[in-house]
Amino acid sequence: MKTFVLIAGGTGGHLFPAMALAQELIRRGHAVELMTDHRVKGYGADFPARQVHIVPAATPSGSNPIKLAGAGLTILRGIGTAWNQLRKVRPDAVIGFGGYPTFPPFIAANLLGIPGILHEQNAVMGRANRALARFADILALSFPTTRFAEQQSLEKVVTGNPVRDRVRPLAGRPYPALDGRGAIRLVVTGGSQGARALSDIVPAAIALLPDDLRGRLQILQQARPEDIDRVAETYRQSRTSVELASFIADLPERIADAHLVIGRAGASTVTELCVIGRPAILIPLPSSLDSDQKHNGLFMEEGGGGWVMEQATLSPQSLATRLHELLTDPDRLSRAAAAALKLGRPRAVERLADLAEMLAGKHTHIEGRPTP
């Protein structure tokens, strides 16, 4: 049995692939612990770790010297905290999943001589991972082409982005039958807390569709709690069948049952859409650093599995036009579903677990475990 410490920022985009790897490593008989920041309380309640360690972290941003100095002190404190915890755990390897909370534990592991893998979920290498690459042994990539990765001199392996155990059984489920008369199931998701822009634009776009098409729609939409009442009212006025929720516990299953998905283009969203094989209209988050969501979405669009629509130029009218084109062309949706499935890497977690075992075995054989 080996011991692995997984390191991830405390948001769903980083924690979900870390959770998938933890599940796989535990299946293989290994011990797993997690290092993250305080935000894990909102996302990681079900994380299958032997122990969860909260490590101080900060994002060094802006030009205010006082704030930068404060962030630097927090990072140093985080390195010290992680150093002490890692000396007690004595892992065979660490695997980092990005975000600035990864920085202190990954640096501490390097100082202790513990080998490490960095996993990049997005089609653009994150800034924290770029800063940490010099301290890693292997860079695992989700996309065949990842911006900024080519600048890194370490070994690179395209593993794909691991998906949770809940998603894996849905891989390749047949696309639901769709004809010109039956129900059309549409899922609208904007991330763990919903997206206000989608709450504004999507219901208004649906209202512009012809009555006969709108009458066939069965919509599931995620929205912020404070937006649900006004979204419900817009749908009520257009006489559209809708189910609204601020959190959708069975989202993977609902995506598998959908004919079309509308959502952001976060790495986990794009990965799960491709593993399940469902077409999507992707609206990248405009504020995402280095336009990583746009590049994620373009990967799916260029592969024929989806359509990217930029929020800056999106309107109810333009979205309604695209929806009418797609929803009245079942063959086009079916082809896009098949194309999305071809882009998926359902065995990504096995590949990443293989890498982790290889690195841990090499480390134990050559160097021995780090001494306390």
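Me: Which helix gives the most to the lining of the largest cavity?

Reply: That's helix α9 (residues 267-276), with four residues. Helices here are DSSP runs of H or I at least four residues long, strands are runs of E of at least two, and both are numbered from the N terminus. A quick word on the ground rules: residues are numbered from 1 along each chain as its sequence is written, and side-chain values use heavy atoms, leaving out hydrogens and water. Also, this is a predicted model, where local features need pLDDT of at least 70, side-chain atom pairs count only at pLDDT 80 or more, and totals for chains, interfaces and linings use all residues.

Me: What makes a space count as a cavity?

Reply: Picture a 1 Å grid over the protein atoms alone: a cavity is a set of points where a 1.4 Å probe fits but cannot get out, and a lining residue has an atom within 4 Å of a point. Grid points are joined across faces, edges and corners, and the volume is the space filled by probe spheres set on the points. By that rule there are two cavities of 30 Å³ or more. The largest holds about 110 Å³ of space, and the second largest has a volume of about 40 Å³.

Me: Which residues line the largest cavity, and how do they split by class?

Reply: The lining includes Ser142, Phe143, Asn161, Val270, Cys274, Leu343 and Arg345. By class, it has six nonpolar, five polar and one charged residues. The sorting goes like this: Ala, Val, Leu, Ile, Met, Phe, Trp, Tyr, Cys and Pro count as nonpolar, Asp, Glu, Lys and Arg as charged, and the others, Gly among them, as polar.

Me: What about the lining of the second largest cavity?

Reply: Four nonpolar, three polar and two charged residues there. Phe16, Pro17, Arg164 and Glu272 are among them. Helix α9 gives the most again, with three residues.

Me: Why is His259 called buried?

Reply: Buried means under 20% relative accessible area, exposed means over 50%, and partly exposed is in between (1.4 Å probe, protein chains only). His259 is at 1% relative accessibility, so it counts as buried. It sits in the loop between α8 (251-257) and β11. Not counting residues up to four places away in sequence, His259 touches residues including Tyr175, Arg185, Pro279 and Leu333; a contact means heavy atoms within 4.5 Å.

Me: And what makes Met358 partly exposed?

Reply: Its relative accessible area is 36%, so it falls in the in-between class. Met358 is in helix α13 (residues 348-366). Here's a fun one: Met358 and Ala93 are 265 residues apart in sequence, yet 9.8 Å apart in space, C-alpha to C-alpha.

Me: Why is Pro65 called exposed?

Reply: Its relative accessible area is 59%, which is over the exposed cut-off, so exposed it is. Pro65 is in helix α2.

Me: How do you know that helix α3 is largely enclosed by the rest of the structure?

Reply: Seven of the nine residues of α3 (residues 103-111) are buried, so that's the verdict. Phe103, Phe106 and Ile107 are among the buried ones. The buried residues of α3 pack against β1 (3-7), β2 (31-36), α2 (65-89), β4 (93-96), β5 (116-120) and α4 (127-132). Just after α3, Gly113 takes a positive phi of about 80°.

Me: What makes the phi of Arg239 worth a mention?

Reply: Most residues other than glycine have a negative phi. The phi of Arg239 is near 55°, a positive value in a residue other than glycine. Arg239 lies in the loop between α7 and β10 (241-245), and at 74% relative accessible area it is exposed.

Me: What is meant by a nonpolar core?

Reply: It's a set of buried Ala, Val, Leu, Ile, Met, Phe, Trp, Tyr and Cys residues joined through side-chain atoms within 4.5 Å. The largest one has 32 residues, of which Ile206, Leu260, Ile281, Leu319 and Leu323 touch the most other members. A second, separate core of 30 residues includes Val5, Ala82, Ala109 and Val124. Leaving aside neighbours within four places in sequence, the contacts of Ile206 include Leu186, Tyr235 and Leu323.

Me: What pLDDT does the chain average?

Reply: It averages 91, and 94% of the residues score at least 70; pLDDT is the predictor's confidence in each residue, from 0 to 100. Over residues 364-372, though, the pLDDT is below 50.

Notes:
On a 1 Å grid over the protein atoms alone, a cavity is a set of points where a 1.4 Å probe fits but cannot get out, and a pocket is an open set with protein on both sides within 12 Å along at least five of seven lines; lining residues have an atom within 4 Å of a point.
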